[in-house]
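Student: Could you take me through one small part of this model up close? I'd like to see what a single side chain is doing and then look around it.

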Amino acid sequence: MSSVVVGNERLLWILFATACVLSNLSLYQRLNSLPRPPSVFHGARGPHPEGSCWCGSADKYCLCTPSLAVDIILAVDGPDPDDIYLVRRVDTGSLATTGGFVEVGESAETAAVREIHEETGVAVAEKDLKLVGFYSDPRRDLRRHSASVAYSVTIPADAHLRAGDDARGIVHASLKDTIEKDSILMFADHKIILKDYARIVGVDVAQHIP
């Protein structure tokens, strides 16, 4: 077989593959341009751990899933990994990591960046987030069934933090003391998240803490 024939066959395959890609892309764009069927939110905040339930008004199909949240540990830039920022919540007065629920259309990383800015006024980049863990115990949040993606991010030592949104105040804290002292009350399972983070950064904490 001559090199000309081989070259023509290769060109035909390239043209065919390109046509397939463009066709699929066009279909994807058309599907995403279609109006989404309206849906009604049926979730609730209360004494029972409900998740989020959305029911389509057209097909009447309901899907109930845990609410997805993000929790972010703010590490102070410097030599001591024990140095962190926490927020004091408006609703309970307890200490907590920065965070909140992921909104529809957001990635967990985008939600984390948004929540940090809303609660502390500090802007961070998604690329600077470091995964700590995923927390999905149905009992972790008594308000509703939720699962949370936890991150850490380093904040400049001279950053000017200001409390906003769900945060009543910003607290400059010791990671070790926050975990070990029973007198320090934290929201939901945030002490567990902090303990996992302490293990990652090499801060020794008492082993009896669950």
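**A close look at one lysine**

Tutor: Sure, and keep in mind that this is a predicted model. Start with the side chain of Lys191, which reaches the backbone oxygen of Ile184 at 3.1 Å. There's a second backbone oxygen to find: that of Lys181 lies 2.8 Å from a polar atom of the Lys191 side chain. Lys191 itself is found in helix α4, which covers residues 190-201.

Now, what about a charged partner? Lys191 is buried yet has no salt bridge. Asp182 is the nearest side chain of opposite charge, and it is 5.0 Å away. That doesn't make a salt bridge because the cut-off is 4 Å. Leaving out residues up to four places away in sequence, Lys191 touches Thr178, Ile179, Lys181, Asp182, Ile184 and Met186. So Asp182 is on the contact list, even though Lys191 has no salt bridge.

Next, step back to the loop between α3 (175-180) and α4, where you'll find Ala188. Its phi is near 50°, a positive value in a residue other than glycine. Most residues other than glycine have a negative phi. Ala188 is partly exposed, with a relative accessible area of 37%, whereas Lys191 is buried.

Finally, have a look at Phe187: the charged end of Arg89 sits over its ring, 3.9 Å from the centre. Arg144 does this too, with its charged end over the ring of Phe101, 5.6 Å from the centre. As for aromatic pairs, the count comes to zero.

Conventions: Residues numbered from 1 in each chain as written. Predicted model: local features only at pLDDT ≥ 70, side-chain atom pairs only at ≥ 80, totals over all residues. Heavy atoms only, no water. Helix = DSSP H or I, 4+ residues; strand = E, 2+ residues; numbered from the N terminus. Buried < 20%, exposed > 50% of the residue type's maximum accessible area, 1.4 Å probe, protein only. Lys, Arg positive; Asp, Glu negative; His and termini not counted. Polar contact = N/O pair within 3.5 Å; in protein donor to acceptor, adjacent residues only side chain to side chain. Contact = heavy atoms within 4.5 Å. Phe/Tyr/Trp six-rings, centres within 6.5 Å; stacked < 30°, edge-to-face > 60°. Lys NZ or Arg CZ within 6 Å of the ring centre and 35° of its normal.
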